[in-house]
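Colleague: Please walk me through this protein, starting from its overall architecture and ending with its charged pairs.

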Amino acid sequence: MARGEQDLLSTEIVNRGIESSGPNAGSLTFSVRVRRRLPDFLQSVNLKYVKLGYHYLINHGIYLATLPVLVLVFSAELGSLTREELWKKLWEDACYDLATVLSFFAVFVFTVSVYFMSRPRSIYLIDFACYRPNDDLKVTKEQFIEVARRSGKFDEASLQFQKRILKSSGIGDETYIPKALMSNDNCATMKEGRLEASTVMFGALDELFEKTRIRPKDVGVLVVNCSIFNPTPSLSAMIINHYKMRGNILSYNLGGMGCSAGIIAVDLARDMLQANPNNYAVVVSTEMVGYNWYPGRDRSMLVPNCFFRMGCSAVLLSNRRRDYRRAKYSLEHLVRTHKGADDRSFRSIYQEEDEQGFKGLKVSKDLMEIGGDALKTNITTLGPLVLPFSEQLLFFATLVWRHSFGRDTSKASLSPSSKPYIPDYKLAFEHFCVHAASKTVLDELQKNLELSEKNMEASRMTLHRFGNTSSSSIWYELAYLEAKERVKRGDRIWQIAFGSGFKCNSVVWRSMRRVRKPSRNNPWLDCIDRYPVAPN
């Protein structure tokens, strides 16, 4: 095995308990688990991805280059004149007529008008809502295994595998599953899918409309994303029918785009708001757990069963200037990365049938490596847009030095002084909302970005309390920060998510005001005082 391949592997000794049968009955047994890690960003940052980020800055580089020069020349000219000489040049030596004044005024007004008309409209986040299911749908890890056992669809080996996964998953004992999973019937039906969809989507939207006090008929753009369940009529049509929305609403339904689709939906809503002034947009992000339930024995397909739980978020966006004062956040940046051109990335999370004909999501053993590569691309593109200039300069200078003079493959090139400087993203953001995929993913990302436990708290606690709620998880994390009253005016929030395709997407929000602890309509209100809890 090549040296680079070995560096991406990590080993872990796992206690499998007391053997119940066979020649080793009554004895403790152990196994060695080998898994892939995220690639070390210190060794693998690629210069071409940094260029993607600097492309945004270069587009405005002419202003940064010429304005200081013009100011310097103008200041030098004015500095050489006394007040009397300046007055004489302006009023006594110059000859102005009405046509000159009017022409100058017309050019000035035209230039200012073009500037304001060409500027992208500000996009405001008025408020958002996260659905919390009823307590009768709550399950502990032990109850989850018992539900799977009672279904009669899993052999003992599959049950023990899921039990081991849950034990180290980072998921707590208060997550939610649909009622259909608790019965022995087939839960992957259109009827059950529609029932779950209506429950979570209408629950989140009812709360959103109550919080924002807008009517469903006021919404001009509707974007719904759900990866697995895509019925006809669509989920967006279900919402329009239920709330009797207006006939000229611009509605979109995104399917098959994985856990990062929530940010893609925000991007689409932003584009629609840029093209349609004085409008509201609602973004609904969810996933149907029951419809995606896998009843087979393929272990790579059993993993999603262990992590995915019920959840849904609804977000209200606006481009109306009058909403400036009541908005919670403004949209600063949005960066999308897609690795679908690579075959390994494309098939890393793949829906297919197993040997028994059961449909499920197959998770590749290379997922950590593929996800790390997409994450690396995304953050190095985002960096120049958000990092302080000092961090950008250090990062870019050491990267150029490494690519120009650090191609030696000897051991000396592996010294700390030869590694590129990895920017401190804690200087760019006050809060981090990382998609709560699994404990392993969060551990590796924290290590590579050198984030603190405080930075990762919202993500870890969301995984513990609600599990992996797919594309809506980043909103449960922001709800956690609000319930803790940590969001202050001017704070920057980084939401980052990744999913099938393979995609990694980032969105940056800036807080418009201090967010007080909500008195109601927050999924954390009944338990926020118990968090944070120690990871299991």
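The exchange below takes up the overall build, the interior, selected residues and the salt bridges.

Colleague: How many helices and strands does the protein have, and how many residues?
Modeller: The model is a predicted one. Its secondary structure comprises 18 helices and 15 strands. Buried positions make up 49% of the chain, and the total they are counted from is 536 residues.

Colleague: What share of the contacts with a separation of 6 or more joins residues 24 or more positions apart?
Modeller: The count considers contacts in the protein between residues with a separation of 6 or more. Among these, residues 24 or more positions apart account for 79%.

Colleague: Is helix H12 largely enclosed or not, and against which elements do its buried residues pack?
Modeller: Helix H12 spans residues 299-307, and seven of its nine residues are buried, so the rest of the structure largely encloses it. Among the buried ones are Met301, Leu302, Pro304 and Phe307. Their packing partners are helix H7 (141-150), helix H8 (156-167), strand S11 (349-353) and strand S12 (359-363).

Colleague: Which residues touch Met201 in the largest nonpolar core, leaving aside neighbours within four places in sequence?
Modeller: The largest nonpolar core has 135 residues, and Met201 is one of those that touch the most other members, together with Ile239, Val284, Leu317, Trp475, Trp494 and Trp524. Leaving aside neighbours within four places in sequence, the contacts of Met201 are Val224, Leu235, Met238, Ile239, Val284, Thr286 and Cys312.

Colleague: Is Ala281 buried or exposed, and how far is its C-alpha from that of Ala269?
Modeller: Ala281 belongs to strand S8 (residues 280-286). With a relative accessibility of 0%, Ala281 counts as buried. Its contacts include Val221, Leu273, Val315 and Ala269. Ala281 and Ala269 are 12 residues apart in sequence, and their C-alpha atoms are separated by 6.3 Å.

Colleague: How many disulfides does the structure hold?
Modeller: A disulfide would be a covalent bond between the sulfur atoms of two cysteines. Cys259 is buried at 11% relative accessibility, and Cys527 is buried at 0%. The number of disulfides in the structure is zero.

Colleague: Where does Ser470 lie, and which residues does it touch beyond four places in sequence?
Modeller: Ser470 sits in the loop between helix H17 (453-466) and helix H18 (473-483). Its relative accessible area is 1%, so Ser470 is buried. Not counting residues up to four places away in sequence, Ser470 touches Gly258, Cys259, Glu287, Phe308 and His435.

Colleague: How far apart in space are Tyr131 and Glu207, C-alpha to C-alpha?
Modeller: Tyr131 occupies the loop between strand S3 (124-130) and strand S4 (138-139). At 11% relative accessibility, Tyr131 falls under the 20% limit and therefore counts as buried. Tyr131 and Glu207 are 76 residues apart in sequence, and the C-alpha to C-alpha distance is 8.0 Å.

Colleague: Is Asp424 buried, partly exposed or exposed?
Modeller: Asp424 is found in the loop between helix H15 (389-405) and strand S13 (431-434). Leaving aside neighbours within four places in sequence, Asp424 is in contact with Leu387 and Glu391. Because its relative accessibility is 23%, Asp424 counts as partly exposed.

Colleague: Which residues make the nonpolar surface patch of about 300 Å²?
Modeller: One of its members, Phe108, is placed in helix H6 (residues 98-118). The patch as a whole is made by Phe105, Phe108 and Val109.

Colleague: How many residues apart in sequence are the parts that Arg465 and Glu174 tie together?
Modeller: The side chains of Arg465 and Glu174 meet in a salt bridge, at 4.0 Å from N to O. Arg465 lies in helix H17, whereas Glu174 lies in the loop between H8 and strand S5 (175-176), so the pair ties together parts whose separation in sequence is 291 residues.

Colleague: Why are Arg270 and Asp267 separated by about one helical turn, and how far apart are their closest N and O atoms?
Modeller: Arg270 and Asp267 are three residues apart in helix H11 (residues 261-275), and therefore about one helical turn separates them. Arg270 is partly exposed at 22% relative accessible area, while Asp267 is buried at 8%. The two form a salt bridge in which the distance between the closest N and O atoms is 2.7 Å.

How values were computed: Residues numbered from 1 in each chain as written. Predicted model: local features only at pLDDT ≥ 70, side-chain atom pairs only at ≥ 80, totals over all residues. Heavy atoms only, no water. Helix = DSSP H or I, 4+ residues; strand = E, 2+ residues; numbered from the N terminus. Buried < 20%, exposed > 50% of the residue type's maximum accessible area, 1.4 Å probe, protein only. Contact = heavy atoms within 4.5 Å. Patch = residues over 30% accessible without salt bridge, like charges linked within 9 Å, V, L, I, M, F, W, Y side chains within 5 Å. Areas by Shrake-Rupley, 256 points an atom, 1.4 Å probe, with all protein chains shown as cover. Core = buried A, V, L, I, M, F, W, Y, C linked by side-chain atoms within 4.5 Å. Disulfide = S-S within 2.5 Å.
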